[in-house]
Amino acid sequence: MMSHSRWETYKAKRLREMEADAQPHSEYEQAGRDLELGDQLREIRKRRGLSQKIVAERSGMSQPALSRIEGGGGIPDIATLLRLGAATGVRFRVELVVDDDTTTEIEPLTVHHRQLANA
């Protein structure tokens, strides 16, 4: 029978080995990004004192669609983000970042959108 301290040492070693062997799953990474964006959009809406119903109406979408976005049900396209920004009275700055060590420079890419559709 293994003693408690030997078991803890063995368990820690196996966990380290498992972490080293673990490959990231793109689906989990995408779901994490979806949830993060949804959380940010919900926080912006709440800080502005707006309900989902009001923001949905102002942005030309249904309340369930906005709820899905805020709940991490997918990343909205740029046109939808523009409408959500107009509906909440904010301008969004979107940064696309590759999380790897091979990217050495960051170049600004700005797209100005003067007229908002359905806003």
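A cavity is a set of grid points where a 1.4 Å probe fits but cannot get out. The exercises below apply this idea and others to a predicted model.

**Exercise 1. The cavity**

Task: Find which helices each supply at least two residues of the lining of the largest cavity, and state how the lining divides by class.

Solution.
Step 1. The count comes to 1 cavity of 30 Å³ or more, and about 70 Å³ of space lies in the largest cavity.
Step 2. The residues that line the largest cavity are Leu-41, Ile-44, Arg-45, Val-55, Leu-66, Glu-70, Leu-84, Thr-88 and Phe-92.
Step 3. Placing these residues on the helices, H2, H4 and H5 each supply at least two of them. H2 gives the largest share, 3 residues.
Step 4. By class, the lining has 6 nonpolar, 1 polar and 2 charged residues.

**Exercise 2. The salt bridges**

Task: Determine how many salt bridges a search of the whole structure finds, and describe where the partners lie.

Solution.
Step 1. The search finds 2 salt bridges. A pair qualifies if a side-chain nitrogen of Lys or Arg is within 4 Å of a carboxyl oxygen of Asp or Glu.
Step 2. Arg-42 and Asp-39 form a salt bridge with an N to O distance of 2.4 Å. Both residues belong to helix H2 and are 3 residues apart, about one turn of the helix. In an α-helix there are 3.6 residues a turn, so residues three or four places apart point the same way.
Step 3. Glu-70 and Arg-45 form a salt bridge in which the closest N and O atoms are 2.7 Å apart. Glu-70 is in helix H4 (residues 63-70) and Arg-45 is in helix H2, so this pair ties together parts that are 25 residues apart in sequence.
Step 4. Now consider accessibility. Arg-42 is partly exposed, at a relative accessible area of 22%, and Asp-39 is partly exposed, at 36%. Glu-70 and Arg-45 are both buried.

**Exercise 3. The core and helix H5**

Task: Identify the helices that each supply at least two residues of the largest nonpolar core, and work out what the buried residues of H5 pack against.

Solution.
Step 1. The protein has 5 helices and 0 strands, and 21% of its 119 residues count as buried.
Step 2. The largest nonpolar core has 12 residues, among them Leu-37, Leu-41, Leu-50, Val-55, Leu-66, Leu-81, Leu-84 and Ala-87. At least two residues of this core come from each of H2, helix H3 (52-59), H4 and H5. In soluble globular proteins, nonpolar side chains tend to be buried together.
Step 3. Take one core member, Leu-50. Leaving out residues up to four places away in sequence, Leu-50 touches Arg-45, Val-55, Arg-58, Ala-87 and Thr-88.
Step 4. In H5 the buried residues are Thr-80, Leu-81, Arg-83, Leu-84, Gly-85, Ala-87 and Thr-88. These buried residues pack against H2, H3 and H4.
Step 5. After H5 comes Gly-89, which has a positive phi near 80°.

**Exercise 4. The second largest pocket**

Task: State the volume of the second largest pocket and find which element gives the largest share of its lining.

Solution.
Step 1. The volume is about 720 Å³.
Step 2. The pocket is lined by 20 residues, and Leu-37, Gln-40, Val-94, Glu-95 and Leu-96 lie nearest its centre. Helix H2 (26-47) and helix H5 (78-88) are the elements that give two or more residues to this lining.
Step 3. H2 provides the largest share, 7 residues.
Step 4. Sorted by class, the lining has 12 nonpolar, 2 polar and 6 charged residues.

Definitions and conventions:
Residues are numbered from 1 along each chain as its sequence is written. Side-chain values use heavy atoms; hydrogens and water are left out. On a 1 Å grid over the protein atoms alone, a cavity is a set of points where a 1.4 Å probe fits but cannot get out, and a pocket is an open set with protein on both sides within 12 Å along at least five of seven lines; lining residues have an atom within 4 Å of a point. Grid points are joined across faces, edges and corners, and a volume is the space filled by probe spheres set on the points. Helices (H or I, at least four residues) and strands (E, at least two) are DSSP runs, numbered from the N terminus. Ala, Val, Leu, Ile, Met, Phe, Trp, Tyr, Cys and Pro count as nonpolar, Asp, Glu, Lys and Arg as charged, and the others, Gly among them, as polar. Buried means under 20% relative accessible area, exposed over 50%, partly exposed in between (1.4 Å probe, protein chains only). A nonpolar core is a set of buried Ala, Val, Leu, Ile, Met, Phe, Trp, Tyr and Cys residues joined through side-chain atoms within 4.5 Å. Contact means heavy atoms within 4.5 Å.
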